[in-house]
Amino acid sequence: MRRSTAFAASLLLVAAALSTVGGPVAADPADPVTVTVNTRAGLATVPATALGVNHAIWDSQLGSAETSDLLKAAGVKMLRYPGGSYADIYHWETHTAPGGHVAPNTDFDTFMAGARRIGAQPMIIANYGTGTPAEAAAWVRYANVTKGYGAKWWTVGNENYGNGHYGSAWEADDHPDKSATQYARLVVEYADAMKAVDPSIKVGAVLTMPGNWPDGITAGSDPGPWNQTVLSLAGPKIDFVDVHWYPGGNAADSLARTNHLPDAAWLLRQQIARYAGPGADRIGISFTELNVDAGRTTAPGALFLADAYSGLLEQGVFTVQWWNVHNGIGTVSEVAGQTDYGDFGLLSSGNCTNDGEVCQPAFNTPFAPYHALSMMNLFARPGDQLVRAGTDQPLVAAHAVRRPDGSLAVLLLNKDPENAHPVALDYAGFTPADEAPTVHTFTNGATAISTARAGSAAARTLPPYSLTTLVLRPAGSSAGRPGAPGRPTASAVTDRAATISWPAATPGASPIAKYEVHRQYGAVSEQLGETAGTSLTVGNLEPGARYTVNVLARDTAGQVSWSSPPLTFATGSPAESSCAVRFNDDNDWGNGYVANVEVINTGAKAVDGWTLTWTWPTAWQQVSSGWSATWDQQGRDVRVTPTADNRRLAADGGSTTVGFVGAYSGPNVPPAAFRLNGTVCTLR
């Protein structure tokens, strides 16, 4: 979002976008937390561009050696330029941003020199708001033809849905038509012009985070909400989508909302698959701005960074980028005994409040999120495969990666500001060596990460508000085991079955005997079946359910491969049933909507009295009020019963329509399985 003065970020939060949710309730901190690490449940592989951060042209130290070396030490591999909303007022040839502050020593060549010193790839934002496709194409020519920088990643604009089209306006946009349709049309023009200069570049379009404003809202004459409109028109021309996320709320809120990420990523990929046209699976996802409202320079910011980066990388995002390198002092407060400067930056700007009463530490002093980024660099390296990890305590989170050398790294987060939590670790598909692991720890108020060989792989006590990474060597050698199967695909998906296929694994020392298909069920794997071939039809699936599966190869000597990449798919509704349901979200305003539900009796006999039920996919969705029926929600389960005048549904198509007001405070995943008097209905 737009930052209009140097080192003075202004985060515009739209009230309709965020609903406060309570933080998790802690269990007795003396009870050991069970941590399960399942290496059979593979997730995404860590890309080379994973760890990123924003650079901004108001930062006079953007290209300095000291700043660059700090970013290199933290493992930064992607840098975004010229800085948030400034991108839509910035003209690269003149190095000007009318209406904004441009610091000396921040031009494009200086930025690229810093990126090369760091060893990071650039992500460049082409000016959409006040620029032209020709200006963007000239930038590509200068970068990659004239200078030979090989700049691969280019985004068209920044948060362009904030141009006033939906009411709130912070993003510059000189186009008379500020619709999503116009943005999408011009993205096509930008992509064509830029790729005419260098066909090898990747061009991205701005989308909004599912469950965050203005997701779900249709304005003007657009055919649908922002994401749908942009993808439908520009999808065939783009290579990735660019998303931002500021979860808002207090420290407990933001730390809890990282649980939204799997559903947000699922919805985003569903939107891409549905609207972006043929070959949509080529389109990547970047998250190029993240930060929090509370505890920005202290432990909550650090915990959020590590949890959000890990969670997004698990979902296959190719880069995650913190806002910002330097940003400047904000509202000063105390968080868990530490001074929080309200600064969006990883590094101190060394400035003071306007009244001079509070000053930050010396320039470039690392804040807590910098150390969290450094911890991510110790935890997840390019080429590592993220694997499932989970806990039975909401204030303790876990992530894990399996490394090419067979070792395992486990990241543990204690989100409890007051209590230490002992943890007991259980491993599936991995046996740790009988030795003390390498332990990296960052605690509340610390000025560095501590590293030691200590303790065991089975137990640990996590200090309050802390990050801990364990690096474990395997017991025995992995030599000779088969290679991992390739990425699975799903076909012939129905309400109850699906056919899973995969590229064959490379044999190791012994021939491959069979393949096993496992479903991820939280941090536990459930085997769905096995075969000697490279395809398996699995049955007994639940209608309207989401499944994530992996394939493992087992050879004749009993050695098991690494997990394949994951496949996530959803079953549908039955093709034929004695009932059908139409579920329409008719009027969405960003955290709520009006829905109409048509209940249809397709059976040969009349229905006299009915009960419609469904289960919400998430815990943050609810029925607020309803009409034309009696509505009841217990937990995530919804039960709808008729009134006296619509209890009878005639045979062969008799129907009634009921409605409700729905509310959500996270990604709004629609229900996909409805039951009428216990029978699963066809969803129309």
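User: How many bridges join strand 30 to strand 33 (residues 637-642)?
Analyst: This is a predicted model: local features need pLDDT of at least 70 and side-chain atom pairs count only at pLDDT 80 or more, while totals for chains, interfaces and linings use all residues. Residues are numbered from 1 along each chain as its sequence is written, and side-chain values use heavy atoms, with hydrogens and water left out. Strands (E, at least two residues) and helices (H or I, at least four) are DSSP runs numbered from the N terminus, and two strands pair if DSSP finds at least two bridges between them. Strands 30 and 33 run antiparallel, and the number of bridges joining them is four.

User: Which residue in strand 36 stands opposite Leu612?
Analyst: Strand 30 also pairs with strand 36 (residues 675-676), in the antiparallel sense over two bridges. Leu612 stands opposite Val640 in strand 33. Its opposite in strand 36 is Leu676.

User: Which side chains along strand 30 (residues 612-615) are buried?
Analyst: In a regular strand the side chains alternate between the two faces of the sheet. Buried means under 20% relative accessible area with a 1.4 Å probe and protein chains only; over 50% is exposed, and in between is partly exposed. Thr613 and Thr615 point to one face and are not buried, whereas the other face has the buried Leu612 and Trp614.

User: How many residues are in the core that includes Trp614?
Analyst: A nonpolar core is a set of buried Ala, Val, Leu, Ile, Met, Phe, Trp, Tyr and Cys residues joined through side-chain atoms within 4.5 Å. The largest has 119 residues, and Phe287 and Met376 have the most contacts inside it. Another core lies apart from it; among its members are Cys579, Trp614, Val640 and Leu676, and its residue count is 24.

User: How are the planes of Phe240 and Phe318 arranged: stacked, edge-to-face or tilted?
Analyst: Rings of Phe, Tyr and Trp (its six-membered ring) pair if their centres lie within 6.5 Å; planes under 30 degrees apart count as stacked, over 60 as edge-to-face and the rest as tilted. By this rule there are 43 aromatic pairs. The rings of Phe240 and Phe318 have centres 5.5 Å apart and planes at 90°, so the pair is edge-to-face.

User: Over which ring does the charged end of Arg296 sit?
Analyst: A charge sits over a ring if NZ of Lys or CZ of Arg is within 6 Å of the ring centre and within 35 degrees of the ring normal. The charged end of Arg296 is 3.9 Å from the centre of the ring of Phe344.
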